Amino acid sequence: MVQNTVIAAGDNTVMAEKTDIVSQFRCQQCNAPYPLGADDVIATCPYCGYTFEVGGDEIASHLIQKNQLSTKKVVELTKTWLEFAADKTVGKGIMKDIKIGKPVLQWIPTFKVDAFCSKYHLGGKKIKRGNEKVWKKIEGSENTRENEWVLARRHAASFGIREFIGTLDNAEIHDFSIDLTDNFPVLNAEIVIDDAERRAHLLKTRRERDQLKEEMDELFDYRLTMDIKNCDYIHVPYWLVRYNYRNGTFRVAISGSTAEVVLGELPVTKQYRIKKWAISLGMLIISALSMQALPYSVFLIALGDGDSDAWIIPLIIAAIGIMTFVAAVVLVANVLKYEIQVDADGEEREEESDLPLTLKDIGGFF
Ligand SMILES: [Zn+2]
């Protein structure tokens, strides 16, 4: 079925920014020729929408979340969001130098894995009892029915795709029809259903372990069994907007399913830098003052009757000093970046680094 005329095509889609080896293919249903990517395992005919496992049968249940936005609407939405997000972070002043490019819609393949989940966790939290610290056992189990959305692509994930996938439970699902795709590219799946189920387990485990670790000091055991009831193949509309600010290009990702921005980049401006430097400087001053107060407080307590809990005061002062110092350093590091990432609510997203962790560890001491 797949002919031997292999051609190299520059795949200039957003999702796969690489050169794919593709083969020419002829649709089983409408006979139209179209190219197939080397890694495609489930393909959709761009002319009639016929969807099948490569080298196998038709996918019986193929679904779609409708796109709620036109190109024009996406530009308006981007502008509104940029104004809102810039006002909260880098300053509205950027708006006059922004040029929004033509938005691109891509239909992203996903699997919605619907399963009965049995979960168990065992961990511990350190609590203070008198002058000692003891472990408090935290144990729980739960049986629920849940969806886990899995991206059906193996290569380079697009900007904001994880945030987008996280919002998919909020939109309606319909039967797939090529007429619903507005002539925008329908990406093929690069993983099969069995892989999707394995990935769903992995993704859920990873996410829930991270959540549990936030709630306790040590997670000893976590177990998840998923009894899969259903796995649907669903195409979802992902919009990517690129805009220029002075000489740089920045991105905004929008969900066509819910007509919301899921993640955006904003340029770091002078105004933003000055604001952060000022806060950072304030923190350094607090830090220095606490460190200076330290010996005096120790001295005053030594003069006291030694019967009270006052010994904790210098410790608290020292902790404040160290924490504000670390926070100041983190802030300064952020200022040196070229752009920041901002979520749907206009909140700046924390970069994953070791410093905030250190901060949390020090905070956790009390
Ligand atoms: Zn066809």
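**Zinc site, a buried lysine and salt bridges**

With a relative accessible area of 22%, D221 is partly exposed, and this residue forms a salt bridge with R223 in which the closest N and O atoms are 2.5 Å apart. Salt bridges with shared partners also join K119, E142, E146, E148, K204, R207 and E208 into one network. The model described here is a predicted one, and a search of the whole structure finds 19 salt bridges. The points below take up the zinc ion, the surroundings of K112 and some further charged pairs.

**Zinc site**

- The protein donors of the zinc ion are the SG atoms of C27, C30, C45 and C48, which lie 2.2 to 2.4 Å from the metal.
- Because the four donor atoms subtend angles of 107 to 113° around the zinc ion, their arrangement is tetrahedral.
- Along the sequence, the spacing of these donor residues follows the pattern C-x2-C-x14-C-x2-C.
- Two of the donors can be set side by side in terms of accessibility: C45 is buried, its relative accessible area being 0%, whereas C48, at 24%, is partly exposed.

**K112 and its surroundings**

- K112 is part of strand β8, which covers residues 104–129, and with a relative accessible area of 17% this lysine falls under the 20% limit and therefore counts as buried.
- Once neighbours within four places in sequence are left aside, K112 is in contact with N147, E148, W149, I173, N230, C231, D232 and I234.
- One of these contacts, E148, is also a member of the salt-bridge network that includes K119 and K204.
- Although K112 and A200 are 88 residues apart in sequence, their C-alpha atoms are 8.9 Å apart in space.

**Salt bridges involving helix α1**

- Side chains of opposite charge can pair when their charged atoms come close.
- Within helix α1 (residues 71–88), E76 and K73 are three residues apart, about one turn of the helix, and their side chains meet in a salt bridge with an N to O distance of 3.8 Å.
- Both partners of this pair are partly exposed, E76 with a relative accessibility of 38% and K73 with one of 44%.
- K88 forms a salt bridge with E347, for which the closest N and O atoms are 3.1 Å apart; this pair links distant parts of the chain, since K88 belongs to helix α1 while E347 sits 259 residues away in the loop between β14 (339–343) and α6 (354–363).
- K88 is partly exposed at 40% relative accessible area, and E347 is likewise partly exposed, at 41%.

Technical notes:
Residues numbered from 1 in each chain as written. Predicted model: local features only at pLDDT ≥ 70, side-chain atom pairs only at ≥ 80, totals over all residues. Heavy atoms only, no water. Donors = N, O, S within 2.8 Å, 3.2 Å for Na, K, Ca; no water. Tetrahedral: all angles 85-135°; square planar, octahedral: opposite > 155°, others 65-115°. Buried < 20%, exposed > 50% of the residue type's maximum accessible area, 1.4 Å probe, protein only. Helix = DSSP H or I, 4+ residues; strand = E, 2+ residues; numbered from the N terminus. Contact = heavy atoms within 4.5 Å. Salt bridge = Lys/Arg side-chain N within 4 Å of Asp/Glu carboxyl O.
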